[in-house]
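Open the structure in your viewer and follow the stops below in order. Each stop gives a selection to make and then what to look for there.

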Number of protein chains: 2
Amino acid sequence: MPSVIALDAMGSDKAPKPEIEGALQAARHHGASVLLVGPEPQLRAELARYPGASRLPIEVVHASEVITMDDKVEAIRAKRDSSIRVGLRLVRDGRAAGFVTAGNTGAAMATTRMVLGSLPGVDRPALAAAFPTVLNTAAILLDVGANVDCTAINLEQFAVMGDIYCRAIFGMKRPRIGLLSIGEEETKGNELTREAFQLLKRLPINFIGNVEGRDLYNGHVDVIVADGFVGNVALKTSEGVARLVRAVLKETLKATITRQFGALLSRNAFSDFKKRLDHTEYGGAPLLGVKGVSIITHGSSNTNAIKNAIRVAAEFAEGKVNETIERELAGLRSHAALSTS
Amino acid sequence: MPSVIALDAMGSDKAPKPEIEGALQAARHHGASVLLVGPEPQLRAELARYPGASRLPIEVVHASEVITMDDKVEAIRAKRDSSIRVGLRLVRDGRAAGFVTAGNTGAAMATTRMVLGSLPGVDRPALAAAFPTVLNTAAILLDVGANVDCTAINLEQFAVMGDIYCRAIFGMKRPRIGLLSIGEEETKGNELTREAFQLLKRLPINFIGNVEGRDLYNGHVDVIVADGFVGNVALKTSEGVARLVRAVLKETLKATITRQFGALLSRNAFSDFKKRLDHTEYGGAPLLGVKGVSIITHGSSNTNAIKNAIRVAAEFAEGKVNETIERELAGLRSHAALSTS
């Protein structure tokens with residue numbers, strides 16, 4: 001029996017098209033069952049345009065409100081019938097095994113915490129972003145979700161959760177866990193990382209010590225642990241550099257006819273290049289440590305990103321990631337390997 | 001009378017070649033006088049290989065020791081006759097107007113602080129890295145030099161120093177100053193940035209509010225202020241992404257003969273691309289807030305990077321950046337616009 005995944009149909013910048021097409025593909029190729037959450041009349045009309053959609057395990061669940069990218073905290077709280085809130089209630093009530101949204105990240109995180117609550121033993125759920133490396137592997141960085149002013153104990157829990165996620169979703173046997181700092185030696189870093197280093201090295205994980213910003217993409221580390229402020233800065237800085245590189249490359253390749261012709265001959269290289277660096281392959285960022293499965297993807301998500309996020313949500317549920325997190329945190333705590341907060 | 005600049009001849013990965021050639025070019029093209037600091041017999045022998053070098057204003061100053069990239073704090077302290085220490089003493093003693101090194105960043109910063117000391121009114125000197133933007137302008141990020149666990153008052157002083165440096169060296173009239181955070185609203189960020197926001201908005205600078213990692217490279221901000229831990233992570237993450245992009249691009253362009261031919265036709269685009277993103281054009285990172293001029297460039301610096309760093313050191317001295325920092329900090333303090341620590 002495949003997992004049922006609730007999908008916010010109104011999240012992405014081009015919603016609901018990528019959501020509907022992503023749901024169709026996930027149902028066709030991964031056998032997923034999808035609950036499309038959003039304004040029912042609109043979604044039914046859109047779905048009807050796809051031949052064969054009615055034979056796939058896709059249902060519409062009505063939600064009358066939509067949270068926008070610009071909505072502030074008050075607006076988010078007030079929209080009690082938003083597609084994010086309704087979708088998460090489906091998870092809480094056991095009608096869906098997981099939830100996926102490409103909507104407002106802050107709203108999705110806050111609503112997930114509110115509706116689902118944290119797992120026992122988790123002080124702060126953490127958003128884990130996946131990205132590509134030079135070695136064509138995936139690595140994850142957590143927290144990127146604005147858990148600012150973390151304690152060392154928060155970081156310790158992030159390490160345990162990241163380790164479990166990597167094993168379950170990426171099939172790694174013994175992920176290498178690094179602490180994001182500004183020098184390799186254990187004395188390097190700020191007060192927080194120096195304290196966290198001492199906690200991480202006692203854990204029964206493959207802790208490889210401090211890593212630096214330049215290690216994020218070199219494939220030397222699989223899980224990078226950081227305070228949510230630092231993780232978010234690292235993630236958004238990466239986006240900034242990627243945009244700079246794309247813009248400058250485009251400009252220089254267009255400058256002369258010869259270069260344009262050369263670029264035309266190499267065009268498959270550029271599409272391969274784009275694909276290799278494409279975040280849509282990794283299925284979005286799970287909020288780790290909540291009672292349920294909640295995956296947040298980029299607002300610019302396309303059909304492929306949505307399809308992969310649905311697949312990851314199903315794997316997350318079927319891989320019993322949360323049960324493992326709960327069990328391992330309890331086990332570590334009873335062996336006093338994990339700090340109590 | 002052009003400024004005399006002391007240059008650590010033994011700093012870069014390929015020292016002393018880039019240093020000697022950079023000094024020759026700076027002397028020829030910018031009229032700089034250079035004191036080459038390092039093992040005298042070796043440097044004299046190397047210099048003698050360049051015809052005409054003896055007619056340029058380049059002198060050798062002997063230093064018997066060299067700090068390596070791997071030297072730890074104790075080793076750095078023990079090497080009292082290192083090229084970094086000797087070069088900085090030339091500045092302290094008034095024999096040189098500024099110092100340039102491509103050596104061990106940590107050693108250069110620590111030795112600069114020790115030998116030159118801080119300017120009155122500066123609690124912590126800050127390393128300011130310059131980088132290119134999409135709009136082909138330069139922006140600076142400070143601190144990237146490991147001033148971890150900064151206070152809001154430290155960040156306030158960084159903002160004032162960054163503003164003055166941008167005006168003096170990049171000729172900007174009214175640089176846009178941003179605070180590196182994780183959201184635009186003034187309530188977004190961690191305890192440190194929220195407190196710093198309140199201080200920065202009272203300063204008579206062009207404070208544009210919080211900026212995010214993605215804004216570093218989009219040309220919307222000229223000076224980005226950050227705690228040294230966060231700034232260092234942002235800088236090194238950028239290096240990581242740049243390496244990833246280069247590696248993947250190279251790999252995909254080599255995959256087929258057609259692509260290789262296309263890349264050959266576009267090769268000038270790739271060299272323009274490299275030049276546009278080349279940090280060597282910006283003349284290294286000054287340590288702002290010390291009594292004197294100390295510029296630290298990347299260990300991979302080539303001739304061009306060294307030449308530009310010598311030019312920037314001279315402009316820094318001639319532009320009276322330090323006098324301005326001292327005067328403006330004192331002025332702000334007397335008007336109670338600046339916080340006292």
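Select A:Lys320 and show its surroundings: in this predicted model, A:Lys320 has 13 other C-beta atoms within 10 Å. That count lies between the limits of 12 or fewer for exposed and 20 or more for buried, so A:Lys320 is classed as partly exposed. To place A:Lys320 in the fold, colour α11 (303-318) and α12 (321-334) of chain A; the residue sits in the loop between them. Now check the backbone: the phi of A:Lys320 is positive, about 50°, although the residue is not a glycine.

Next, go to chain B and select B:Asp149. Which two elements flank its loop? They are β6 (138-142) and α6 (152-170) of chain B. The phi angle of B:Asp149 is about 55°, again a positive value in a residue that is not a glycine. Is B:Asp149 buried, exposed or partly exposed? With 13 other C-beta atoms within 10 Å, B:Asp149 is partly exposed.

Stay in chain B and select B:Ala15 together with B:Pro16. The peptide bond from B:Ala15 to B:Pro16 is cis, and its omega is near 5°. Show β1 (4-8) and α1 (17-30) of chain B: B:Pro16 belongs to the loop that runs between them.

For the last stop, return to chain A and select A:Ala15 and A:Pro16. What kind of peptide bond joins them? The bond is cis, with omega about 0°. A:Pro16 is found in the loop that lies between β1 (4-8) and α1 (17-30) of chain A.

Methods: Residues numbered from 1 in each chain as written. Chains lettered and ligands numbered in written order. Predicted model: local features only at pLDDT ≥ 70, side-chain atom pairs only at ≥ 80, totals over all residues. Helix = DSSP H or I, 4+ residues; strand = E, 2+ residues; numbered from the N terminus.
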